[in-house]
Each structure stands twice: as structure tokens, then as C-alpha cells.
Amino acid sequence: MWERKAFYFGDNISVGVTDLDRAVVWYQEKLGLRLTPVTSEDFDAFLGFAKEDELGLALVVIPAGQTTVNVERHPILFTKSLEACRDQFASRGIQVGPLQRDSGGNSFFQFQDVEGNVIEVCIEP
């Protein structure tokens, strides 16, 4: 389990998946999130750090051949320590990319989830 939260949600993010059960297990094991029992027409599962979390990650099942409606193309998590977060993700077997800086001066890295979705982790603005 995580020693402390390496990242946090600035807002809810949504990620499209084809295998909901496999994705839930991956996010629980790799990111330390917990499945929250919430019923919604907009998503199929919601994960946060605790049951009472209002911010977190919503998983949306995308059937084969369907577009990614209601799914963010570029979800972003935030951290206070980018290098430490990247190292922690890598140590948990998460496929992480190199540290980068965009034209606006923002520092970030990207990782892939179990289904190949690319998610960015950015230093706190």
C-alpha cells in the first residue's frame, strides 16, 4: 500500500476501459484506490482513496467500435513531488514515461494503465 498519497485529483477524471473488472483491480493494486459504491448513468465504476472521497477516477466501459464519449482524452493527476511520484509509480510496475516540460513550462510525466490509456501526472500548479 502507499506510504502516503503520491498524487491527488484536482478534479474527477474519467478513463475508458473495455474490461471493467481488470481495470478496477489494476487501479486498486497499482494506485491504491478503492472502489466506491456509486450509481451513475455517466460511468460504470468510481474509485477514490477512501469511500467518502468526492474526487477520484471514473471508469467508463467502452464497447468495441464505440467512440470515447464521456471520456477524457488527456486526464491529468497532480503531485507535489514529480520525481518521487514517478519513481514510486515505476517501483509498483507502472509503465512510466520520462520527465518532460511543455512549452508553457509545466513539468510532467505520463503513464499507461492496464488498457494502454495514457494519463499525465503534472507538478502542482
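Colleague: How many bridges join strand 8 to strand 9, and do they run parallel or antiparallel?
Modeller: In this predicted model, strand 8 and strand 9 run antiparallel and are joined by five bridges. Two strands count as paired from at least two bridges, so five bridges make them a pair. One bridge sets glutamine 110 against glutamate 120 in strand 9.

Colleague: What lies between strand 8 and strand 9?
Modeller: Five residues separate them in a hairpin, and glycine 116 in the turn has a positive phi of about 85°.

Colleague: What makes strand 5 and strand 9 a pair?
Modeller: Four bridges join strand 5, residues 76–79, to strand 9. The requirement is at least two, so the two strands pair, and they run parallel. Isoleucine 76 stands opposite glutamate 120 in strand 9.

Colleague: How do you know that the span of helix 1 agrees with its number of residues?
Modeller: Helix 1 has twelve residues, which at 1.5 Å a residue should span 16 Å, and its end C-alpha atoms are 16 Å apart. The two values therefore agree. Glycine 32, with a positive phi near 70°, follows the helix.

Colleague: Why are the buried residues of helix 1 said to line one face?
Modeller: The buried residues are Ala23, Val24, Trp26, Tyr27 and Leu31. Seen down the helix axis, they fall within an arc of 165°, so they line one face. Asp21 and Glu29, on the other side of helix 1, are exposed.

Colleague: Which residues of the largest nonpolar core touch the most other members?
Modeller: This core has 26 residues, and Phe7, Tyr27, Leu59, Phe89 and Phe111 touch the most other members. Among the elements that each supply at least two residues are strand 1 (13–17), helix 2 (82–91) and strand 8 (107–112). Helix 1 gives the largest share, five residues. A second, separate core has five residues, including Phe43, Ala58, Val60 and Ile62.

Colleague: Why is cysteine 85 called buried?
Modeller: Its relative accessible area is 1%, and buried means under 20%, so cysteine 85 qualifies.

Colleague: What makes cysteine 122 count as buried?
Modeller: Cysteine 122 has 8% relative accessibility. That value is also under the 20% limit, so cysteine 122 is buried.

Colleague: How many disulfides does a search of the whole structure find?
Modeller: Zero. A disulfide needs a pair of cysteine sulfur atoms within 2.5 Å, and the search of the whole structure finds no disulfide.

How values were computed. Residues numbered from 1 in each chain as written. Predicted model: local features only at pLDDT ≥ 70, side-chain atom pairs only at ≥ 80, totals over all residues. Heavy atoms only, no water. Core = buried A, V, L, I, M, F, W, Y, C linked by side-chain atoms within 4.5 Å. Buried < 20%, exposed > 50% of the residue type's maximum accessible area, 1.4 Å probe, protein only. Expected span 1.5 Å × (residues − 1). Arc of directions from axis to C-beta.
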